[in-house]
There are 2 protein chains.
Amino acid sequence: MNEERDLFERYLRTKDLKMTSPRETVLQAFLATEGHLSAEDVFDAARRIDPGIGQATVFRTLKLLEGPRRYEHAYRHRHHDHLLCIRCGKLVEFFDPAIEKAQDRVFEKYGFKAIGHMMELKGLCAECTEAVRDSLAK
Amino acid sequence: MNEERDLFERYLRTKDLKMTSPRETVLQAFLATEGHLSAEDVFDAARRIDPGIGQATVFRTLKLLEGPRRYEHAYRHRHHDHLLCIRCGKLVEFFDPAIEKAQDRVFEKYGFKAIGHMMELKGLCAECTEAVRDSLAK
DNA sequence: AGTTTTATTGATAATGATTATCAATATCAA
DNA sequence: TTGATATTGATAATCATTATCAATAAAACT
């Protein structure tokens with residue numbers, strides 16, 4: 001059922017490490033922390049689950065989590081980018097393989113290991129382009 | 001002759017700051033440090049030029065050096081995207097024509113008129129990849 | 001020039017984030 | 001269950017960066 005947990009446990013196994021209750025707490029806290037993760041945020045979230053958990057444990061476990069899946073868990077939702085109309089706010093979600101590929105090349109070029117990305121294109125949608133043109137035509 | 005220096009001094013002027021000998025030392029050290037520079041590296045290089053220079057001065061000046069780089073980009077309106085290391089915070093600015101082209105196709109496909117975009121790639125830089133691997137090695 | 005004002009310096013203290021130490025405890029395999 | 005080992009939380013230590021501050025240097029005035 002809990003795929004995240006299984007993945008983590010499998011990873012720990014390969015390192016002769018144990019899946020423990022505090023580690024599970026950190027994992028849950030980590031997954032529950034949407035958006036940008038500071039270790040502090042995860043620590044706070046973990047304390048809400050288990051007030052007795054130690055800060056060092058959170059650091060240690062976060063480090064372990066980098067192993068199988070890295071810090072971000074954006075992978076949980078299917079990845080897509082955004083195309084936003086700045087006039088009416090229309091939002092289009094899209095996925096473009098060519099862009100993904102080009103991004104991979106950038107990661108490689110600079111010696112980075114890819115974790116994820118965020119892209120937002122801003123423009124005027126067709127309707128708004130028309131509307132603007134009309135209003136300019138007076 | 002030294003364009004970097006001039007650019008830096010011009011930037012300092014706009015902030016009512018002074019071009020001093022220690023600051024020039026740090027600038028030289030900064031420019032001389034090939035590749036991946038930690039503040040520590042720059043400090044070492046600066047000390048080779050002026051053994052009496054203080055560590056705090058290096059940190060302060062490095063912070064100032066961020067200014068003109070940003071300023072230059074903003075002034076020239078040169079577009080770039082960001083590649084960020086989520087572990088150490090290293091930020092690489094890059095421009096990739098293939099990505100720009102692919103984005104244009106997306107705009108067109110959805111009938112949008114392009115205005116701009118924001119893209120941030122997240123990953124682990126080479127040093128951090130290594131560091132993480134070491135820390136996981138048992 | 002000299003005087004005043006303000007920015008800058010280096011040393012050091014303080015901070016914030018992360019890591020190491022360690023005795024007590026939990027986990028796993030037999 | 002036992003025994004071996006991994007893990008824990010508390011705390012100390014470390015690392016990188018900042019803040020403080022008295023002494024100094026530079027610019028801006030006489």
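Mentor: Let's start with the term polar contact: a pair of N or O atoms within 3.5 Å, and within protein, one must be able to donate a hydrogen and the other to accept it, with residues adjacent in sequence counting only if both atoms are side-chain atoms. Keep in mind that this is a predicted model, where local features need pLDDT of at least 70, side-chain atom pairs count only at pLDDT 80 or more, and totals for chains, interfaces and linings use all residues. Residues are numbered from 1 along each chain as its sequence is written, chains are lettered from A and ligands numbered from 1 in the order in which they are written, and side-chain values use heavy atoms, leaving out hydrogens and water.

Trainee: OK, what makes A:Arg60 a polar contact partner of a base nitrogen of DNA strand D?

Mentor: A polar side-chain atom of A:Arg60 sits 2.7 Å from that base nitrogen, and the cut-off is 3.5 Å, so the pair counts.

Trainee: And which phosphate oxygen distances go with A:Arg23 and A:Gly54?

Mentor: For A:Arg23, a polar side-chain atom is 2.3 Å from a phosphate oxygen of DNA strand D. For A:Gly54, a backbone N or O atom is 3.4 Å from one. Both pass, because the limit is 3.5 Å.

Trainee: Which residues come nearest to DNA strand D?

Mentor: A:Lys18, A:Thr20, A:Arg23, A:Thr57 and A:Arg60, out of 18 around the strand; near means a heavy atom within 4 Å. Of the strand's atoms within 4 Å of the protein, 66% belong to sugar or phosphate, the rest to bases.

Trainee: Which helix gives the most to that surface?

Mentor: H4(B), with five residues. (Helices are DSSP runs of H or I, at least four residues, and strands are E runs of at least two, numbered from the N terminus.)

Trainee: Why is H1(A) called oblique to H2(A)?

Mentor: They pack at about 135 degrees, with axes 11 Å apart. That makes the pair oblique, because under 35 degrees is roughly parallel, over 145 roughly antiparallel, 65 to 115 roughly perpendicular, and the rest oblique. Angles run from 0 to 180 degrees between N-to-C directions, and axes are lines fitted to C-alpha atoms, for helices over the stretch in contact.

Trainee: How do H2(B) and H3(B) lie to each other?

Mentor: Their angle is about 120 degrees, with axes 8 Å apart, and they are therefore oblique too.
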